[in-house]
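This briefing goes through the structure shown below, starting from burial and backbone geometry and ending with the aromatic rings and the chain as a whole. Please keep the sequence and the model at hand while reading.

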Amino acid sequence: MALFHPVKESEVTRAIVSAFSKQLQEYAESDVIIVGGGPSGLIAGRDLADNGLKVAVIERNNYLGGGFWIGGYFMNKFTVREPAQEVLHELGVPFEEAVEGLFVADAPHACARLIAAACDAGVKFFSLTMLEDVILHESDRLAGVVVNWSPISHLPREIAALDPIPLESRIVIDATGHDAQVVKKLEQRGLIRLKGEGALWIDKSEDAIVEHTGEVYPGLVVTGMAVGAVYGLPRMGPTFGAMLLSGKKAAEVTVKLLKQVTYPEAKHLRTLPGV
Ligand code: 48F
């Protein structure tokens, strides 16, 4: 007597394809698309989904978490400064005080908890999916992203001619880290100018990243290290408090923006719950 229920191989394939197809059809239009599944994108997604919004995260890698899996160097440890340990506490991540106001924690544990929190809140993920471009309508407002299967960026050009697909959203969040890939698409069109990330200066950088987190172009919010690339702010290395607090601020800003929408495209989109 076998332990597992009998199944046909074709049923396994159909189950996966139909679940993916259902998700893609549903998320061809979202409230918020977050590009980048690192710490800032994940926490922004968690908070937005907790607000009842429909949120999709686009991640070019086959894993979520970005720089949060490993933390500093190869050591699987990272730090946060007060008051960001409160977010670790809320996520259920154990931490220790290394020196006054500086806390150290296990990166895989924190990353796993953050991913689980985003999933629990209802965020949906599209992995191995890279941002190729943005959707810009005449209203000069970002209306979504254009994505492609990320492995094609490593294929020879002759066999990499895959047309991408567009995904509409009311707000796009650039959480792509040090390269600010979404903002770069606007820079390529002369619509915005990136200052480029500054050198490491921990004390200065974390406050500055959180302070500058916000809308950089109509419909585009920037969070995490992408904020540094846009505003020329110093980097902070393996201390992650600003990533968590920037992601939370990006969610707050996004909720406020969605309550204010008056642009023409808004008429065919869902109304924010409670508005
Ligand atoms: O780099 P990442 O972790 O960005 P973050 O949330 O956090 C930065 C910290 O990890 C660390 C630091 C702070 O202490 O300095 O570096 O700002 O996560 C960015 C995610 O975006 C994905 C990338 O694979 C990573 O998982 N990403 C980048 N470009 C694209 C993308 C793209 N074009 N399309 C889709 N995903």
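A residue is called buried here when its relative accessible area is under 20%, exposed when that value is over 50%, and partly exposed in between. A180, at 0% relative accessibility, therefore counts as buried. The model is a predicted one, and the points below are grouped by topic.

**Unusual backbone geometry**

- Most residues other than glycine have a negative phi, and most peptide bonds are trans.
- A180 has a positive phi of about 40 degrees although it is not a glycine, and its place is the loop between β9 (165-174) and α5 (181-187).
- N76 likewise has a positive phi, near 60 degrees, in a residue other than glycine; N76 sits in the loop between β2 (55-58) and β3.
- With a relative accessibility of 32%, N76 counts as partly exposed, whereas A180 is buried.
- The peptide bond that joins E82 and P83 is cis, with omega at about 10 degrees, and P83 belongs to the loop between β3 (77-81) and α3 (85-91).

**Aromatic rings**

- The count of aromatic pairs in the model comes to 6.
- In one pair, the ring centres of F95 and F103 are 5.5 Å apart and the ring planes stand at 85 degrees, so the pair is edge-to-face.
- The two partners are covered to unlike extents, since F95 is partly exposed with a relative accessible area of 28%, while F103 is buried at 8% relative accessibility.
- F68, F78 and F240 together form one aromatic cluster.

**The chain as a whole**

- The secondary structure of the protein chain consists of 8 helices and 11 strands.
- The radius of gyration is 19 Å, close to the 19 Å that the globule rule gives for 275 residues, so the protein chain is as compact as a globular protein of that length.
- Along its principal axes, the C-alpha trace spans about 65 × 55 × 50 Å.
- Of the 275 residues in the protein chain, 48% are buried.
- Among contacts with a separation of 6 or more, 69% are between residues 24 or more positions apart.

**Surface and charge**

- The accessible surface of the protein chain is about 14300 Å², and carbon and sulfur atoms account for 55% of that area.
- The protein chain carries 26 positive and 34 negative charges, and the mean positions of these two sets are 3 Å apart.

Note on methods. Residues numbered from 1 in each chain as written. Predicted model: local features only at pLDDT ≥ 70, side-chain atom pairs only at ≥ 80, totals over all residues. Heavy atoms only, no water. Helix = DSSP H or I, 4+ residues; strand = E, 2+ residues; numbered from the N terminus. Rg over C-alpha atoms; globule rule 2.2 N^0.38 Å. Buried < 20%, exposed > 50% of the residue type's maximum accessible area, 1.4 Å probe, protein only. Contact = heavy atoms within 4.5 Å. Areas by Shrake-Rupley, 256 points an atom, 1.4 Å probe, with all protein chains shown as cover. Lys, Arg positive; Asp, Glu negative; His and termini not counted. Charge placed at Lys NZ, Arg CZ, Asp CG, Glu CD. Phe/Tyr/Trp six-rings, centres within 6.5 Å; stacked < 30°, edge-to-face > 60°.
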